[in-house]
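Here's a quick briefing to read with the model open beside you. It goes topic by topic, so feel free to jump around.

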Amino acid sequence: MARISLTPRRTLLFRIMEWYSRRTYGKVLDPGKALAHHPRALWSYLRFEQSLAKWNKLDDGLKQLAVMASAASIGCSWCMDFGFWESHKRGMDVRKLHDVPAWRDSDAYTPLERDVMEYAEAMTANPPTVDDDLAERLRARLGEPAFVELTSMIAMENYRSRFNSALGLTSQGFKDSCDLRDARREVTG
């Protein structure tokens, strides 16, 4: 249960965010509702997310796996739910998405994807446990711009997941809509 009201004052910024969220995601995102209690925090967050969406040095699939591995390490059910939906919408293999929490035991991932998820977990640990060998493998394989983007995306997911978890925000049912769509395909396909 949320530790903060999800009915903030209906400021102009909140109404715009609410409209955009419904139009883009089909519902108003609970983290946006929580952030709307502090309009400057909401505005800063929205601007930063818009900027992140334009970053393009790192392969999108690697970025999604890193974000989800970080969210899984923290245990943010909201982030896992939304991340599954977002990654599924972008075409990621459903098996990879399902296996993120137990990626070490899955054969669904390439060696590079495994390194990315290991790096995400190491960065997310408190204190971080990143070792030089792993960082060097990723830097050499991805290049410095993509390595910086990977590191930044994991740091941002730490912000998102810790914010959502601390405020008690949980799944909004995004993943369920993917599973239903997959089930319909299996029946008709």
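A polar contact here is a pair of N or O atoms within 3.5 Å, and within protein one of them must be able to donate a hydrogen and the other to accept it. The side chains of Ser171 and Asp81 make just such a contact, at 3.2 Å. Keep in mind that this is a predicted model.

**The loop between H9 and H10**
- Ser171 sits in the loop between H9 and H10, and it's partly exposed, with a relative accessible area of 40%.
- Besides pairing with the side chain of Asp81, the side chain of Ser171 reaches the backbone nitrogen of Gly173 at 3.1 Å.
- Not counting residues up to four places away in sequence, Ser171 touches Ser77, Trp78 and Asp81.
- Ser171 and Met80 are 91 residues apart in sequence, yet their C-alpha atoms are 7.8 Å apart in space.
- Gln172 is in the loop between H9 and helix H10 (174–188) too.
- Is Gln172 buried or exposed? Its relative accessible area is 16%, so with the cut-off for buried at under 20%, Gln172 counts as buried.
- The side chain of Gln172 reaches the backbone oxygen of Val28 at 3.0 Å.
- Leaving out residues up to four places away in sequence, Gln172 touches Lys27, Val28, Leu29, Asp30, Pro31, Trp78 and Asp81.

**Helix H8 and its two sides**
- Leu134, Ala135, Leu138 and Leu142 are the buried residues to look for in helix H8 (residues 132–142).
- Why do they end up on the same side of H8? Because they cover an arc of only 100° around the axis.
- Flip to the other side of H8 and you'll find Asp132, Asp133 and Ala140 exposed.
- What do the buried residues of H8 pack against? Their partners are helix H4 (60–74), helix H7 (111–124) and H9.

**The ends of H8**
- At the N-terminal end of H8, Asp131 acts as the cap: one of its side-chain oxygens lies 3.0 Å from the backbone nitrogen of Asp133.
- Following H8 comes Gly143, with a positive phi near 95°.
- For background, most residues other than glycine have a negative phi, and most peptide bonds are trans.

**H7 and the loop after it**
- Asp115 belongs to helix H7, and it's a buried residue, with a relative accessible area of 15%.
- Setting aside neighbours within four places in sequence, Asp115 is in contact with Leu134, Arg137 and Leu138.
- Two of those partners, Leu134 and Leu138, are listed among the buried residues of H8.
- Pro127 is in the loop between H7 and H8, and the peptide bond joining Asn126 to Pro127 is cis, with omega about 0°.

**H3 against H9**
- Helix H3 (residues 39–52) packs with helix H9 (residues 144–166) at an angle of about 150°, and their axes are 12 Å apart.
- Which way does the crossing of H3 and H9 go, left-handed or right-handed? It's left-handed.
- On the H3 side, the contact uses Tyr45, Phe48, Glu49 and Leu52, which meet Met153, Met156, Tyr159 and Arg160 in H9.
- Sorted by class, the contact of H3 with H9 has 6 nonpolar residues, 2 charged ones and no polar ones.

Terms used. Residues are numbered from 1 along each chain as its sequence is written. This is a predicted model: local features need pLDDT of at least 70, side-chain atom pairs count only at pLDDT 80 or more; totals for chains, interfaces and linings use all residues. Side-chain values use heavy atoms; hydrogens and water are left out. Axes are lines fitted to C-alpha atoms, for helices over the stretch in contact, and angles run from 0 to 180 degrees between N-to-C directions. Helices (H or I, at least four residues) and strands (E, at least two) are DSSP runs, numbered from the N terminus. A crossing is left-handed if the near helix is turned anticlockwise from the far one by less than a right angle, and right-handed if clockwise. Contact means heavy atoms within 4.5 Å. Ala, Val, Leu, Ile, Met, Phe, Trp, Tyr, Cys and Pro count as nonpolar, Asp, Glu, Lys and Arg as charged, and the others, Gly among them, as polar. Buried means under 20% relative accessible area, exposed over 50%, partly exposed in between (1.4 Å probe, protein chains only). The arc is that of the directions from the helix axis to the C-beta atoms.
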